[in-house]
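Biologist: I would like a close look at one part of this model, the packing of its interior. Please also cover the helix pairs.

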Amino acid sequence: MTSDARQPSGNGPNPAGVTLHGDSHGVILSPAALGFVADLERAHRSRRRELLAAREQRQARFDAGELPDFLAETQSVRDGDWRIASTPKDLTDRRVEITGPVDRKMVINALNSGARVFMADFEDSCSPTWDNLIEGQQNLMDAVRREIDFVHPDTGKAYALNEEVATLMVRPRGWHLVENHLHVDGQPVSASIFDFALYLWHNAHELRRQGSGPYFYLPKLESHLEARLWEDVFVQAQEALELPKGTIKVTVLIETLPAAFEMDEILFELRNHIVGLNCGRWDYIFSFIKTTRNHADCVMPDRGSVGMDRRFLRGYSQLLVETCHRRGAHAMGGMAAQIPIRGDDKANALAMAKVTADKRREVENGHDGTWVAHPGLMPLAFQEFDSGMPSPNQIDLPRDPSGIVREDLLSVPVGTISMAGVRSNLSVGLRYMAAWLCGNGCVPIDHLMEDAATAEISRSQLWQWRRHEAQTVDGLTVDSDLLRTELTQTLADLRADLGDIAYTRGRFGLAGKLFEGQILAKEMPAFLTLEAYEHLAN
């Protein structure tokens with residue numbers, strides 16, 4: 001990454017203690033906006049670090065033999081008779097939401113897609129280059145003001161917003177990440193605060209003027225104490241911008257195994273600002289592997305065989321619905337990663353049948369909405385939710401108690417590990433890592449839309465299989481030698497398919513080096529992209 005510190009040209013000097021290590025990009029990084037980011041960073045930096053240290057300490061206990069459980073000290077919260085604050089009108093019906101990165105054409109197409117909500121993503125589907133982040137903030141600022149347009153440089157096709165557009169939500173990056181291009185008092189700022197604060201600063205009052213508000217998705221939480229930190233950030237931010245209490249509204253992704261045991265507590269901590277929880281299923285599978293990584297009896301079978309019908313995922317979905325509805329919150333379903341397959345009607349029909357079955361299961365389980373990654377899936381998702389949920393949501397629909405207990409959430413799926421699964425994980429992981437290093441965080445691979453969450457499953461499975469010397473149905477042991485051999489062959493196949501020039505430009509050599517280090521490390525690295533972040537182009 002570039003290390004030259006610059007002032008925002010034409011906007012005056014940076015606030016005291018604030019240093020930019022990247023181009024200023026005009027109004028987005030005005031001195032006032034940077035001062036707002038710095039105030040939030042200084043106020044919450046220490047607690048954020050304490051909570052990240054608590055994650056490591058908790059993981060050390062899991063590595064030593066413990067497993068997650070419901071917290072005894074918060075039993076009164078789970079037993080209490082309380083509900084969250086009211087939900088805004090434009091978040092009442094969320095039956096189909098579309099997600100994607102914040103590039104200009106994507107923002108226009110997603111807002112025009114017909115979905116109820118568009119989640120503009122600075123997290124798993126966004127490679128956090130400086131240009132992607134700042135141009136993404138500008139794109140959202142323009143979209144909020146309905147000033148966004150785009151002309152494709154090759155085709156000349158023009159894109160503009162329709163009269164009716166989706167409600168906008170924004171997903172900042174998780175607590176574990178920093179933004180190296182902005183330092184406060186000599187230290188990089190929290191990426192979460194950076195993404196959140198800039199969007200809020202530039203858009204909160206305009207959104208309120210339009211009858212909407214600043215709405216967010218919060219990723220990667222591992223405890224209610226991390227939710228409490230967000231709550232305190234919201235309170236300070238609203239006071240600073242003279243926004244009424246509760247203006248900010250959020251949905252929390254339950255995508256880590258520890259968080260699944262603290263759903264009530266997370267809702268309680270954020271009760272003045274939260275409107276729902278979401279089943280972030282792909283990160284949840286990854287988190288299950290990471291949390292239980294040292295447990296030999298928790299080895300996961302091939303990724304392709306782990307669906308929502310498995311007990312640990314089915315129970316997590318049912319518990320989320322029951323918990324949310326008891327508290328007056330939306331229970332959002334998960335992502336359909338399939339994308340339409342052109343030129344193969346049979347394969348496409350099978351893929352779309354999977355999407356239909358998945359969305360039918362969600363609405364029958366009681367979910368109030370669902371995610372798709374491709375606009376081609378929206379008719380299927382709408383069909384299932386329109387037929388199964390004629391009202392805006394199912395929050396007040398009576399249902400029998402789920403009876404989900406700890407053992408349901410910790411049930412390890414049974415299945416086989418194959419060399420095909422090993423090779424698929426290597427191929428997906430390498431191709432995604434290379435694309436991410438080149439600035440693309442949302443990549444169609446083998447007819448699935450892959451982002452950092454799905455790539456994490458591939459990476460963590462390979463590490464887990466090697467750690468426990470898993471046996472494949474092909475009669476082979478997954479060890480370091482086998483993974484090195486297969487990784488080398490996968491890279492050779494990619495070079496042969498792409499040619500030397502595209503292989504080099506695609507940064508596959510670096511991707512191979514980084515990915516090999518991840519899957520052969522003695523201790524599982526916490527996240528796939530942490531080391532790779534230092535190698536981004538800008």
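**Core and helix packing**

Modeller: The largest nonpolar core holds 114 residues, and Phe-196, Leu-200, Ile-254, Leu-270 and Leu-277 have the most contacts inside it. Helix H5 (residues 191-209) contributes most to this core, with nine residues. A nonpolar core here is a set of buried Ala, Val, Leu, Ile, Met, Phe, Trp, Tyr and Cys residues joined through side-chain atoms within 4.5 Å. Buried stands for under 20% relative accessible area, exposed for over 50%, and partly exposed for what lies in between, with a 1.4 Å probe and protein chains only. Apart from the largest core lies another, of 36 residues, which include Val-422, Leu-430, Val-443 and Leu-494. In soluble globular proteins, nonpolar side chains tend to be buried together.

The model is predicted, and local features need pLDDT of at least 70, side-chain atom pairs count only at pLDDT 80 or more, and totals for chains, interfaces and linings use all residues. Residues are numbered from 1 along each chain as its sequence is written, and side-chain values use heavy atoms, with hydrogens and water left out.

Leu-200 is in contact (heavy atoms within 4.5 Å) with Phe-36, Pro-214, Phe-216, Ala-237, Leu-241, Leu-243 and Ile-248, once neighbours within four places in sequence are set aside.

Helices (H or I, at least four residues) and strands (E, at least two) are DSSP runs numbered from the N terminus. The axis of H5 comes within 12 Å of that of helix H6 (residues 224-240), and the two cross at roughly 30 degrees. Axes are lines fitted to C-alpha atoms, for helices over the stretch in contact, and angles run from 0 to 180 degrees between N-to-C directions. H5 and H6 are therefore roughly parallel to each other; the term covers angles under 35 degrees, with over 145 roughly antiparallel, 65 to 115 roughly perpendicular and the rest oblique. Their crossing is right-handed, meaning that the near helix is turned clockwise from the far one by less than a right angle, where anticlockwise would be left-handed. Ser-192, Phe-196 and Leu-200 of H5 make the contact with Trp-230, Val-233, Phe-234 and Ala-237 of H6. By class, this H5 and H6 contact has six nonpolar, one polar and no charged residues. For these classes, Ala, Val, Leu, Ile, Met, Phe, Trp, Tyr, Cys and Pro count as nonpolar, Asp, Glu, Lys and Arg as charged, and the others, Gly among them, as polar.

Helices H16 (residues 480-498) and H18 (residues 508-520) pack at about 160 degrees, their axes 11 Å apart. That makes H16 roughly antiparallel to H18, and the crossing is again described as right-handed. On H16 the contact residues are Ser-480, Leu-483, Arg-484, Leu-487, Leu-491, Leu-494 and Leu-498, and on H18 they are Phe-508, Gly-512, Phe-515, Glu-516, Ile-519 and Leu-520. This contact divides into nine nonpolar, two polar and two charged residues. Leu-494 of H16 also belongs to the core of 36 residues.

Helix H11 (residues 345-365) packs with helix H12 (residues 378-388) at about 30 degrees, with axes 9 Å apart. H11 and H12 are therefore roughly parallel. The residues of their contact divide into six nonpolar, two polar and four charged.

Lys-359 of H11 is touched by Met-335. Met-335 sits in strand S12 (residues 330-336) and is buried, at 12% relative accessible area.
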